[in-house]
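Trainee: I am new to this structure and would be grateful for a close look at a single part of it. Please choose one sheet with the helices around it, and then place it in its wider setting.

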Amino acid sequence: MKHSSYARNLVLCAALVLPLSIVPQTAYATEQQTDEPVVSEETVSEEVNVKPVEETQEPSHESGTEESSNTSVSENLPEEKPLEEDKAQEEPLPVASPASSERASSETSQEPKIELGIISDTHVGPNKQKENGRLEEALNLFTEKNVDRIIVDGDLTDNGYEDQLKTYSEVLDKVEGEAPIIESLGNHELYNGSYEGVQKFTKDYPLTHQKVNGYHIITLSPGAGSVKEADLSKVTEEDVPLKKDYIAAGTPTLKNTDSYAYARTWLDKQLSQASQDTPDLPIFVFFHHPIKNTFYVSDEWHGSGLVGAFDKYKNVVSFSGHIHSANQHPRSIYQDEKGWTAVNTVTLSYMEQEKGYQEGSVPDNAGEVAQAMVLNADGSKVSINMYDIGSEGKPQGPIQTWTFDVNKERPYTNARYDKAKAPAFASDAKLTVSEVGPTNATFTFDQAQVNPDSVEGDIVHSYHYVFTDNDGKKIQEFKTWSDFYINPQPNPYVYKYKSFKPNTAYTVTITPVNAFGQENLDSKLTASFVTPDRERVYPTKADVEKGLPKADLVDTTFTKDGLKDANGRSYLNEDGADVNNLPSSPTTKIPGKIVFDDKVNDYVADFSHSESQGYKTPITKEEFEKIQDGFTFSTTARVNYFDGTADIFGATQGAGFIFEVGKSSEESAYLEFWAHDGGSYHIAKTLNAINFGEWNHLTGVYDGKLLRLYVNGIQIASEEMSGKIKPLPSKSQYWVIGGDIEGDGSLTGQFNGAVKSAKIFSKPLSDAEVALLYAQEMGLDPLTLEPVKKGEEPGKDPSTDPKTEPTTDPTSDPKTEAKVLSLVKGVNYQESNKAEYTGFYKSVEMKSQSATKEAGEGAVIETINADEAEKVMFVQALPKTSDLKSVTPIAFISGLFMLMLAALSYVFRKYQD
C-alpha cells in the first residue's frame, strides 16, 4: 500500500528506473496541463532508447493503427490529429511515467499488459481475527502473482472507526513486497468516519484517475454535494505515494453512503479523456455499490446515481462489491447490450446471497466463503480468475475464470438465459430422509448435474422442495441453495430442515434449478415420512421447590408508573433520555406506550403504533463477559399482523443475539433466534411459530454447544454453535426491547406488537427451568402447566396432597365462628376462587376474639387466623374480573320474599291466637 512496505519497494524501484528515464513531475498535475502535453525531447529520446521499436512487429488491435500500437511513447500521448469538434474542449492527458509503465515497456511484447489483485468488503478490525487473516492471505496471493496494483473496492472496515482503520493499515504493512494499493470507499467507512479520517490511513483520495502500465484506472466513492478537485501540484509523495500516477483526484463536499450522482460530471470527463487516449483498451472503474440490475443480486443491493454512466464507453470494465455474493455464480459477471462490463468483487467477510431461500439471505455456512480475484489484461483481452481464500485457510484456485475482449463480441450478456438448459439428477440418484423429529428432518441426496448443453459456467444453483399430505395437497414448500459457493461443492448434499409441524405425514419432492432460474420438473427425487408429536418437559416438585435463578442481567416489567427493572437498570429512548422521565416536547422520541392489557391482566409496552420506538439499556463490558459461554433470554410478547420483519428483544450489529419475527402466512409468523459467534450468525428458526394476535412466552438459550429456541416452554428449534458470543461494537452496546440497534446507537427493526416482560440470565436454563419460567410468566400451575383450577393452590397436586381440602362455605363449617356485620354485595361462596380476591365485606368479627379486620370495598382480604390455628375463616369473594351487578338484585328480591313469608306467618299465628 502507500505504507512502509511500499515505501521500501519505491526506493528500490527508483534506484533501478531513474538511470533509465526521467519524466518531469509537473506533467502529472492537472492544474499545470495546457492545450498540449508537456513532453521534453530528452524524455522522448530516452524512452525510445529503452523500448526500441521492432520494425517487423504488426499491430494486433483490430481497430488500432500501426502508429498507435508500435510506439510505446505514442501510447501515452494524445493523438496528433485534430480533436473532433464536440471534444475540442477536453484537456489532453499527461504523459505516463516509465515507472508506472514497466509492463508496457517489455521488449518482448507489443501490447500493454497489467495485472491487478482485486478484493472488497474486507471488514477488518481489532477483534476480527478471521477477516484480518483473510486479508493477509489475499495480499500474499497477490504478492505471489506479482500484481502491479491491488484494489480494495470499499467496506474496508465495519464502521470507519480509527482503531479499525489502524488495524487495516497494520495488516497491509505486515505483507512484504506488496504492490501499491488503491482504495475506493464503501458505505461502512462512512457510517462513523469521514473522508479525511479514512485518507489518513489509506493516503488516497475518494475519487482518483490514474494511468498504470498504459491502462486507465478510475475509482469512485459515495458522497453528495459536488467534487472538490485536488490540487495535485501541492500534493507530496509522502501525502499520496501514488501521486506520480494521478491524472485527477478529488473528494465529495458532503457525506453520503450510497449515492454517486454528485460525481457524474467529473466521471464523464475522466471517461472521455481515457477513451480518447486508449480507445481500444479496457478502462477499469471501481466503485463499491453495483448498478441496479447488472450482475447477480444487484436487483436487491445496489447504489444510485450511475445508471447510464457507461453507455457511451463499451470498453469500460467496472467492479463493485457490497452484496457479498459468491463468484462461482456465472451471472456474477454482466455485459450490457451497449458493450460495457460489470463484475462482482465478492468479499473477505461473510457471504450473502439473494432473498427468498429457506436460510434467508445468509446461508448457515456463509462464514466459510471468502474470495479474491486476479485480473490479467493483455491489450484489449481481459482474463479474470477467482481464488478461494476461506475454505482451506490458504488461497485455492482459480475456481472460476471469465475471459473476454473489449473489442469483440460479449459472451456474458443476458442472452445466456435463452441458451441455458435445466440440470437433472442422475438416473441412480437417491434421496434419504433421516433424523425425523417433531419439527425436523434431514435430507441427504446426490447432487444434480449441470446440463452439458447449457451455457459455459452454468451451475446447479438450488433445489425446490414441495411437501404434500396423504391426499396430495401441497402444505409447504421452500428453496435451498446447492452449496455451489463451497469449494469443493459437497456431494452428497445434506440439508437439515427444522420447521415441520409435529404429528404430520409428509411426502417431499425435490427438483433442481440452474443459475438462470430454469427448473427441471421432469427430474425429481421423492420420499415420504411422518413427524412424531412434540414432547413437553414438566417441572418436578423438586424443580418448583428449588425455583429459578435470578435474572441477573435484565428483569424488566411494566407498571402504571413506567418501566421497572429488578436489577436497577436504566432504559433510554433513541436520543438517550430516561424513558421514565422523558422531556415534554413535540420532538421527543417516545418508546412503546405502556397500557393495561386484559388478556394478560397486566401492564405491557405497546409497539403497535408507527411512531413507537424501542427501549434501550446500556451493556457493560462485565455483562458481555458473563454471557460469552452461555445465557438465557426470554420475553412474553404478542405479535400483531404485519408484513416484513421485526425484532422483539436483544441486539445485533454484526454481533450479539436477538429474537426476530416475520410473516409466515396470513395467520402466523416465523420466529428466529440469532446469535453471532465472532465468525458468523447462527440462527435457530421455525416457520408458523406463533399466531398473530396471541400472547406467547419466548425463550432463547445458548449453552456453549446449541442455540435452543422455545415457545411456551416447548423447544421448537435448535442450531449448533460453539463459539463465544461476539460483543457489540462500542456505539451499539445496548440491549433493546421492541427493536434492534444500529452502528451509531440509533434504533431499527421496530417491533409490531406488545411486550409484557423481558429477562436475561447469565446462565443457560434447563428444559425444566424454561418450563417453570413459562409457568411463572403466564400464571400457570408449575406442575401441570395448566391454568390453576378453582379451589387448588398453584404447585400442589390435589390428588396426592393430603393437606388439600375442598373449599367450603364458612357459614356451614363448625370450626369457624364468624359474624358478617355488614354485607355490601352478595357472594356465592361455592363459586369463589381461592387465589386473589376482591373483598366485598366492610368488616368481619371473630367471636373468639374481639379483633375486627376492616376492609373497604374493593380491598383484598387474605386468610384470617383466629384463636390458634384450628379456628380459621376464609373470607372469599368472586375474582376481580367477575361481573356482580346481577347479584345484588337477586339477593335483594330473595331477602324481600323471605321477609314477606315471615310477615305472613306472623299475621297467620296472630290470627289463630
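Mentor:
**The six-stranded sheet and its helices**

Helix α5, residues 129–144, lies across β1, β2, β3, β12 (371–378) and β13 (381–388), and runs at about 170° to β1. The model is a predicted one, and what follows should be read in that light.

The sheet itself comes next. It is an open sheet of six strands, in the order β3-β2-β1-β12-β13-β14, and its pairing is mixed. At the edges stand β3 (181–184) and β14 (396–405); each has a single partner strand, so one side of each is left without a neighbour in the sheet. Direction ignored, neighbouring strands of this sheet are turned by 20° against each other on average.

In general, the strands of a sheet pair through backbone hydrogen bonds, either parallel or antiparallel. Strand β1 (residues 113–119) and strand β2 (residues 149–153) run parallel and are joined by four bridges. To find this pairing in the view, one may begin at G117, which stands opposite I150 in β2.

The edge strand β14 holds a further detail. P398 lies in this strand, and a cis peptide bond joins G397 to P398, with omega at about 10°. On the way into β12, the loop between β11 (341–344) and β12 is the place of V346. Although V346 is not a glycine, its phi is positive, at about 65°.

From the sheet we may return to helix α5 and its packing against α6. The two helices pack at an angle of about 35°, and their axes are 9 Å apart. The crossing in which α5 passes α6 is right-handed. On the α5 side the residues are N132, L135, E136 and L139, which meet T167, Y168, V171, L172 and K174 in α6. Sorted by class, this contact of α5 with α6 has five nonpolar, two polar and two charged residues.

Helix α6 (residues 162–174) also packs with helix α8 (residues 195–202), at an angle of about 25° and with the axes 9 Å apart. That angle makes α6 roughly parallel to α8, since angles under 35 degrees count as roughly parallel. The crossing of α6 and α8 is right-handed. From α6 the contact takes E162, L165, K166, Y168 and S169, and from α8 it takes G197, V198, K200, F201 and T202. By class, four nonpolar, three polar and three charged residues make up the contact of α6 with α8. Y168 can serve as a landmark on α6, for Y168 is listed in the contact with α5 and also in the contact with α8.

For the wider setting, a second open sheet may be considered. This sheet has eight strands in the order β6-β7-β4-β5-β8-β9-β11-β10, again with mixed pairing. Its edges are β6 (224–229) and β10 (333–335), each with a single partner strand, so that one side of each is left without a neighbour in the sheet. The twist from one strand to the next averages 20°. At one end of the order, β10 and β11 pair in the antiparallel sense over three bridges, and Q335 stands opposite T341 in β11. The loop that holds V346 runs between this β11 and β12, and β12 belongs to the six-stranded sheet described above.

Further along the chain, a few details complete the picture. A cis peptide bond joins N487 and P488, with omega at about -5°; P488 lies in the loop between β18 (474–481) and β19 (493–497).

Aromatic rings may be taken next. A pair of aromatic rings is described by the distance of the centres and the angle of the planes. The count of aromatic pairs comes to 49. In one of them, the rings of F633 and F657 have centres 4.9 Å apart and planes at 65°, so the pair is edge-to-face. F633 lies in strand β27 (residues 631–639) and F657 in strand β29 (residues 656–663), so the pair ties together parts that are 24 residues apart in sequence.

A hairpin closes this account. Strand β33 (residues 706–711) pairs with strand β34 (residues 714–720) in the antiparallel sense, over six bridges. Within this pairing, L707 has E719 in β34 as its bridge partner. Two residues lie between β33 and β34 in the hairpin, and N712 in the turn has a positive phi of about 55°.

Key:
Residues numbered from 1 in each chain as written. Predicted model: local features only at pLDDT ≥ 70, side-chain atom pairs only at ≥ 80, totals over all residues. Heavy atoms only, no water. Axes fitted to C-alpha atoms, helices over the stretch in contact; angles between N-to-C directions. Parallel < 35°, antiparallel > 145°, perpendicular 65-115°, else oblique. Left-handed = near helix turned anticlockwise from the far one by under 90°. Contact = heavy atoms within 4.5 Å. Nonpolar A, V, L, I, M, F, W, Y, C, P; charged D, E, K, R; others polar. Pairing = 2+ DSSP bridges. Phe/Tyr/Trp six-rings, centres within 6.5 Å; stacked < 30°, edge-to-face > 60°.
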